[in-house]
Amino acid sequence: MKEKKILVWFRNDLRLHDNEMLVEAIAKSDSILPVYFFDPAHFEYNAEGKIKEGNSRVQFLIESVSALRESLKKIGGNLLVVNGSPEEHMPALVEQYEIAEVYHHREVATKETTVSSNVEDLLWKLKVNLKHFIGHTLYNKEDLPFPIKDIPDIFAQFKKKTERDAIVKACFLSPEVISLVEVDSWGELPDYEAVSTGPLGGEESGIAHLNDLFSEGAEIYARINSRTNADKHVYSSKLSPWLALGCLSPRKVYWAVKDAERKFGTNGNFSHLILGLLWRDYFRFMFKKHTLHYFTDIVTDIESPSDAGQSEINLQAWKDGNTGHGLVDKYMNDLNVSGFIPHAGRLIVATFLIYVLKLNWLDGASYFEQKLIDYSPASNWGNWANVAMGGKDPRSKNTFDLDKQIKMLDLEIYAPS
Ligand SMILES: Cc1cc2nc3c(=O)[nH]c(=O)nc-3n(C[C@H](O)[C@H](O)[C@H](O)COP(=O)(O)OP(=O)(O)OC[C@H]3O[C@@H](n4cnc5c(N)ncnc54)[C@H](O)[C@@H]3O)c2cc1C
């Protein structure tokens with residue numbers, strides 16, 4: 001009988017642990033072909049053919065893909081790296097390697113879902129199925145106590161009902177051995193200009209960071225009883241880059257928190273971490289429910305300045321961390337150098353762009369998209385939309401306090417990290 005080969009298309013799921021797609025591909029095939037596409041549409045190249053962006057986000061991504069390849073090699077596998085778009089190369093790969101089926105994780109944002117639909121159409125012509133998996137959220141949509149169309153738009157209601165009526169599933173175990181499709185050349189990772197001294201991308205470093213968070217004497221426990229008004233809500237796990245690229249699954253983080261709770265009891269920082277994961281799910285489900293409208297139907301009552309030239313200059317100054325406002329500039333410089341700023345910093349620079357410079361929030365969100373190492377479409381556009389609505393939107397009621405942000409800008413009371 002003909003060997004059954006499954007192509008496993010990795011995207012924002014760069015891990016072996018808790019990866020249902022990979023587990024099922026191994027179980028249902030004789031051999032698998034793991035593939036990652038570096039789509040040139042998402043990068044700029046310099047004269048020597050190196051990826052030009054020279055920013056931390058690209059570096060973190062390439063490190064994460066490279067780490068996945070190494071992890072796969074340890075269990076007898078490998079990762080085919082294709083420098084080209086999935087639409088251009090998938091049909092040829094399927095034909096060349098006689099692939100029976102292609103597996104991938106479903107995304108929610110328009111750019112990503114468009115690529116999936118294009119690939120699905122191309123595969124249909126070859127009579128090959130593209131199977132969709134769900135693996136980005138803490139709660140699977142099938143386990144929610146409501147269908148997607150009835151998910152409450154108000155976060156507090158979503159949280160209450162979900163926590164009460166849905167369960168977080170156990171993680172899938174990492175596979176221990178892989179049988180691989182025979183390939184002559186596994187392809188080279190793109191060359192890039194190393195810039196960042198930030199965290200190292202990849203599953204292994206993500207898990208190490210997670211373990212450090214809960215190691216004995218870690219900050220997560222130390223701050224429990226010392227919370228004052230000044231440091232309330234500023235605990236930051238810095239897990240977001242690994243979560244965004246799927247180097248860590250949200251369930252892995254959730255169960256690590258539950259484990260720590262069992263050992264040390266509950267505490268505010270644990271709840272804060274789980275609350276963050278719920279916000280993350282909420283924005284993804286809102287994207288799924290409303291598609292782009294959730295973000296594009298935002299109407300603000302801010303009047304744009306009439307001088308377009310000056311707005312251009314102000315936008316550039318904001319991007320460069322050169323507005324003359326110490327706190328905003330410090331955070332923007334941090335963003336430009338490391339690709340990461342804490343939540344309070346994001347709120348402050350977004351508030352400044354929208355309410356002080358009176359610029360279009362979409363320009364700010366696009367800049368974050370280029371720079372954030374934890375860029376995630378639903379979280380980025382959803383949070384920007386919340387700031388743009390200044391908490392007036394019933395969907396985000398009680399989650400954003402514009403007056404407080406403006407006060408912070410005036411008083412510079414928040415010392416950036
Ligand atoms: C304007 C703006 C843009 C943002 N863009 C992004 C983005 O592109 N990607 C991103 O992951 N987060 C984004 N956030 C949300 C949040 O600021 C970051 O998730 C958080 O700062 C990451 O730091 P942490 O890992 O220490 O978070 P923690 O506070 O330790 O939270 C744990 C995890 O929960 C999730 N989380 C926490 N808060 C939020 C939130 N408000 N929305 C969505 N997820 C949340 C993150 O995955 C985070 O790693 C944005 C916030 C704002 C105000």
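**Notebook: the ligand site and one buried threonine**

I began with the ligand and found one of its oxygen atoms 3.1 Å from a polar backbone atom of S240. I note here that the model is predicted.

I looked for further polar contacts of the ligand. A polar side-chain atom of H343 sits 2.7 Å from a ligand oxygen atom. At S376 the partner is a backbone N or O atom, 3.2 Å from an oxygen atom of the ligand. I then checked how much of the ligand is covered: on its own the ligand exposes 810 Å², and the protein buries 96% of that area.

Next I listed the shell. I counted 28 residues around the ligand. The closest are S236, S237, K238, H343 and D374. H343 is thus on the list of closest residues and also makes a side-chain polar contact with a ligand oxygen. I sorted the shell by class and got 14 nonpolar, 10 polar and 4 charged residues.

Which helix gives the largest share of the shell? I found that α10 does, with 7 residues. Helices that supply at least two shell residues each are α8 (240-244), α10 (268-290), α14 (343-356) and α16 (377-388). S240, the backbone contact I started from, falls at the start of the range of α8. H343, with its side-chain contact, falls at the start of the range of α14.

Where does the ligand lie relative to the domains? I checked which of them contribute to the shell: domain 2 (204-290) and domain 3 (293-411) both do, so the ligand lies between them.

I stayed with α14 and picked out T351, which lies in that helix. Is T351 buried or exposed? Its relative accessibility is 0%, and the limit for buried is under 20%, so T351 counts as buried. I also looked up a polar partner for T351: its side chain reaches the backbone oxygen of L347 at 2.5 Å.

Last, I took totals for the protein. I counted 17 helices and 5 strands. Of the 417 residues, 52% are buried; T351 is one of the buried residues. The protein exposes about 19,500 Å², and carbon and sulfur atoms supply 51% of that. I also went through the contacts between residues at least 6 apart in sequence, and 77% of them join residues at least 24 apart.

Technical notes:
Residues are numbered from 1 along each chain as its sequence is written. This is a predicted model: local features need pLDDT of at least 70, side-chain atom pairs count only at pLDDT 80 or more; totals for chains, interfaces and linings use all residues. Side-chain values use heavy atoms; hydrogens and water are left out. A residue is near a molecule or strand if one of its heavy atoms lies within 4 Å of it. A polar contact is a pair of N or O atoms within 3.5 Å; within protein, one must be able to donate a hydrogen and the other to accept it, and residues adjacent in sequence count only if both atoms are side-chain atoms. Accessible areas come from the Shrake-Rupley method with a 1.4 Å probe; for residues, only the protein chains shown count as cover. Helices (H or I, at least four residues) and strands (E, at least two) are DSSP runs, numbered from the N terminus. Ala, Val, Leu, Ile, Met, Phe, Trp, Tyr, Cys and Pro count as nonpolar, Asp, Glu, Lys and Arg as charged, and the others, Gly among them, as polar. Domain bounds come from an automatic or database domain assignment. Buried means under 20% relative accessible area, exposed over 50%, partly exposed in between (1.4 Å probe, protein chains only). Contact means heavy atoms within 4.5 Å.
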